[in-house]
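Hi,

Here is the structure I said I would pass on. Have a look at it first, and then read on for what turned up in it.

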Amino acid sequence: GKPSGGKGPDVASARGHCSILATCDVAREKEATKEILNLLNQILDEVYPESDNTSSSGKSMSVEELLAAEIRQNSSKQNFVSLNTGVKGLVFVKIVRKDVCPVRMVEAIFDQVERTKLPCCRHLCRIVPLSKVFFPNEEELCSNIQEIVNENFPTTVRPVDNDTEESELHSNKKARTEDDTALATSTEGDNSASAPDDAESEQKIGSKRPISVPLTPSMITYAVHFKRRNHNTLTRSKTQDEVTARMPKSCTRVDVRNPQAVFVVEAFMNMCGIAFVPNYTKLSDFNIGKHQKIHTQSTE
């Protein structure tokens, strides 16, 4: 794929795919794209190794059959494709394989640096996983947030009517602390350019939506990390309210100063990506440069 800022597939083609967003210095998009693609392909073999040298029928495959299978696999599709974001200093990679988790991939990259004590890149600044990528209208924002919550807390949600959800949302607005506002303001990115008109959502949300029920005493602290670049459709306060309204109150609570987990929201141009990252404290705020300085002898 080609780097952001140049010609290449538009980032809108990532809608519905897991992805990786990375930042770099302006004019270093080409080098950063090469680095992130190399890193992802390397880590992929470690996180998702081939099971064994057997066919689907369970029989051992000959060298010729293995070679033919590898050629078919490599020619059928790429695992990762870089896309043009139209934003300087921003690199975006679509994950083609449906079984690859972006959060797990990013955790593995940071873990490798910590484990080997060796730097993995020179030009990348931050590496952020995105489990859902969509057009940034309210319908898609709400439905994708709910899907993330359902996937991470599958036993703590049940459907309720819209009146109950409105009450929940109003309650969360009142409960938001000054600390929430301070952190979110500090993490909000550039909003100097207007975003293109939003595309219509292809699927409307039903009248029944999930809400938390108290099933577990274990509490996870989290914060909502909202950033936007060349984008003015989604706002920090609206996005934060939508997330906190849907997170299960029985097992999570907001802690902006020292969260165990983060709910990532990255809005740029006419796209948005989100993810829930439970092991956030190990990831140096997704800053791979900072992580390398902490865990390696030298970044040269």
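One term before we start: contact, or touching, means heavy atoms within 4.5 Å. With that in mind, take I127: which residues does I127 touch, leaving out those up to four places away in sequence? The list runs to I20, L21, A22, I36, L39, V106, I109, F110, F286 and I288. Do keep in mind that this is a predicted model.

Now the overall picture. The chain has 300 residues, and 47% of them count as buried. Its secondary structure comes to 8 helices and 11 strands. If you take the contacts with a separation of 6 or more, 81% of them are between residues 24 or more positions apart.

On to the inside. I127 belongs to the largest nonpolar core, which has 50 residues, and along with F92, M105 and L124 it ranks among those with the most contacts inside that core. At least two core residues come from each of β1 (19-24), α1 (29-47), β2 (80-83), β3 (90-95), α3, β4 (124-130), β10 (261-268) and β11. Helix α1 gives the largest share, with 8 residues. Another core, of 20 residues, lies apart from this one, and V149, A261, V265 and F276 are among its members.

Next, two helix pairs.

The pair α3 (residues 102-116) and α8 (residues 288-295) packs at an angle of about 20°, and the axes are 9 Å apart. Angles under 35 degrees count as roughly parallel, so α3 is roughly parallel to α8. Their crossing is right-handed. On the α3 side the residues involved are I109, F110, V113 and E114, and they meet I288, H291, Q292 and H295 of α8. Sorted by class, that contact has 4 nonpolar, 3 polar and 1 charged residues. You may recognise I109, F110 and I288 from the list of residues that I127 touches.

The other pair is α4 (residues 138-152) with α7 (residues 236-246). Here the angle is about 35° and the axes are 10 Å apart. The crossing of α4 and α7 is right-handed. From α4, the residues E138, L141, C142, I145, Q146 and V149 meet K238, T239, E242, V243 and R246 from α7. By class, there are 5 nonpolar, 2 polar and 4 charged residues in this contact. V149 is also one of the residues in the 20-residue core.

Finally, a few spots in the loops. S284 sits in the loop between β11 (271-277) and α8. Its phi is near 50°, which is a positive value in a residue other than glycine. D285 is found in that loop between β11 and α8 too, and the phi of D285 is near 55°, again positive in a non-glycine residue. Are these two buried or exposed, or something in between? S284 has a relative accessible area of 13%, so it is buried. D285 counts as partly exposed because its relative accessibility is 33%.

Then there is N258, in the loop between β9 (252-254) and β10. With a relative accessible area of 56%, N258 is exposed. How far is its C-alpha atom from that of Y222, 36 residues apart along the chain? The separation of those two C-alpha atoms is 8.1 Å.

That's the tour.

Cheers

Notes: Residues are numbered from 1 along each chain as its sequence is written. This is a predicted model: local features need pLDDT of at least 70, side-chain atom pairs count only at pLDDT 80 or more; totals for chains, interfaces and linings use all residues. Side-chain values use heavy atoms; hydrogens and water are left out. Axes are lines fitted to C-alpha atoms, for helices over the stretch in contact, and angles run from 0 to 180 degrees between N-to-C directions. Helices (H or I, at least four residues) and strands (E, at least two) are DSSP runs, numbered from the N terminus. Angles under 35 degrees count as roughly parallel, over 145 as roughly antiparallel, 65 to 115 as roughly perpendicular and the rest as oblique. A crossing is left-handed if the near helix is turned anticlockwise from the far one by less than a right angle, and right-handed if clockwise. Ala, Val, Leu, Ile, Met, Phe, Trp, Tyr, Cys and Pro count as nonpolar, Asp, Glu, Lys and Arg as charged, and the others, Gly among them, as polar. Buried means under 20% relative accessible area, exposed over 50%, partly exposed in between (1.4 Å probe, protein chains only). A nonpolar core is a set of buried Ala, Val, Leu, Ile, Met, Phe, Trp, Tyr and Cys residues joined through side-chain atoms within 4.5 Å.
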